[in-house]
Amino acid sequence: MTPVEFVKGESALEDPSWKKDIQWDGKPLSLLIERKILVIHSLLCKCNLCSSTAKDRHDQDNDDDCFICRSQGNLICCDECPRSFHQRCHLPNVDDAMMGDDCPWVCTFCVLRASQSWRYPKQMTYQEALTCRISDHLLECQYLLLCLYNADKDQIFVADPCIHVRNYSSVIKTPIWLDIVVEKLQQNLYQTVQHFVSDVLLIFTNCATFNRDNAEFRGMGERLKVLFEREFKSTFSIQLQHPTASNSQ
């Protein structure tokens, strides 16, 4: 059977840990990703495998769980993809006034995907992206935060760790977490993209520092950092840096 057929056949299983048992040559699939044999596509990818047709979108029902917090309730549904959200989980937050039976609504993922070609007609360097004004790139920052919230399945990095983790404040002098980054973004407290990126990366630096002897939690932070950096490059159309002749000698 195809991978899609397999997942559908196993969808009734309550314990999703079976995914970790899928192996290649006796090794976990993550090894293929580390060796670049399997490449994770960005959510913005427009290749044939990732692109959906109008018929695909019509045939798909929207998710029953929020794409961000994975709980049910009163959800709003994107009219361009299967994703569903609580109004306060989506970024930007969705006001009741924006919703209506005759008013289509499109999520941040779809808005950015549809507009990226004209927002970034040419590639930029990493440093150029960092110096951009945050007010011109709120959409990209909101997208990156939504990616992190979705990937943080256990919500380890969402709330203030000082409240839930013993001795955290005695080890980490500058605590930072996703909810506070969202709050600062919404209150226009960031001036440049670099200020935003610095706070996000500090989350993972703090995680590595506090969990120096805890490989499991340190690994969670490392995986989210890799995700953030990959999506940042894709979102801002960062050009690949090729070594110069002098550096390659």
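Here is a quick tour of this predicted model, from overall layout down to single residues.

**Ground rules.** Residue numbers start from 1 along each chain as its sequence is written, and side-chain values rest on heavy atoms, with hydrogens and water left out. Because this is a predicted model, local features need pLDDT of at least 70 and side-chain atom pairs count only at pLDDT 80 or more, while totals for chains, interfaces and linings use all residues.

**The big picture.** The protein has 12 helices and four strands; these are DSSP runs numbered from the N terminus, with helices being H or I of at least four residues and strands being E of at least two. Confidence comes as pLDDT, the predictor's score for each residue from 0 to 100. Its mean here is 83, and 78% of residues reach 70 or more. Residues 243-249 have a pLDDT below 50, and this stretch makes zero contacts beyond near neighbours in sequence. A contact means heavy atoms within 4.5 Å. Take the contacts between residues at least 6 apart in sequence: 60% of them join residues at least 24 apart.

Of the 249 residues, 35% are buried. For relative accessible area, buried means under 20%, exposed over 50%, and partly exposed in between (1.4 Å probe, protein chains only).

**The core.** In soluble globular proteins, nonpolar side chains tend to be buried together. A nonpolar core here is a set of buried Ala, Val, Leu, Ile, Met, Phe, Trp, Tyr and Cys residues joined through side-chain atoms within 4.5 Å. The largest one has 54 residues, and Val 181, Phe 196 and Phe 232 touch the most other members. Elements giving two or more residues to this core include helix H4 (108-119), helix H6 (138-151) and helix H10 (193-210). The largest share, nine residues, comes from H6. Domain 1 (59-119) and domain 2 (126-236) both contribute residues, so this core lies between them; the domain bounds come from an automatic or database domain assignment.

Setting aside neighbours within four places in sequence, Phe 196 contacts Ile 134, Cys 141, Leu 144, Leu 145, Val 181, Tyr 190 and Phe 228.

**Gln 142 and the cis proline.** Gln 142 sits in helix H6 and is buried at 14% relative accessibility. With neighbours within four places left out, Gln 142 touches Leu 91, Pro 92 and Leu 185. Leu 91 and Pro 92 are themselves joined by a cis peptide bond, with omega about 0°. Pro 92 belongs to the loop between strand S4 (84-85) and H4.

**Tyr 120.** Look in the loop between H4 and H5 for Tyr 120, which is buried at 7% relative accessible area. Its C-alpha is 9.0 Å from that of Thr 235, although the two are 115 residues apart along the chain. Leaving out neighbours within four places, Tyr 120 is in contact with His 137, Glu 140, Thr 235, Phe 236 and Ser 237.

**Any disulfides?** A disulfide is a pair of cysteine sulfur atoms within 2.5 Å, and the count comes to zero. Cys 66 has its nearest cysteine sulfur, that of Cys 89, 3.8 Å away. The sulfur of Cys 110 is 3.6 Å from that of Cys 81, too far for a bond.

**Positive phi.** Two residues other than glycine with a positive phi:

| Residue | Phi | Loop | Relative accessible area |
|---|---|---|---|
| Arg 70 | near 65° | between helix H3 (54-59) and strand S3 (76-77) | 32%, partly exposed |
| Asn 167 | near 65° | between helix H7 (161-164) and helix H8 (168-171) | 51%, exposed |
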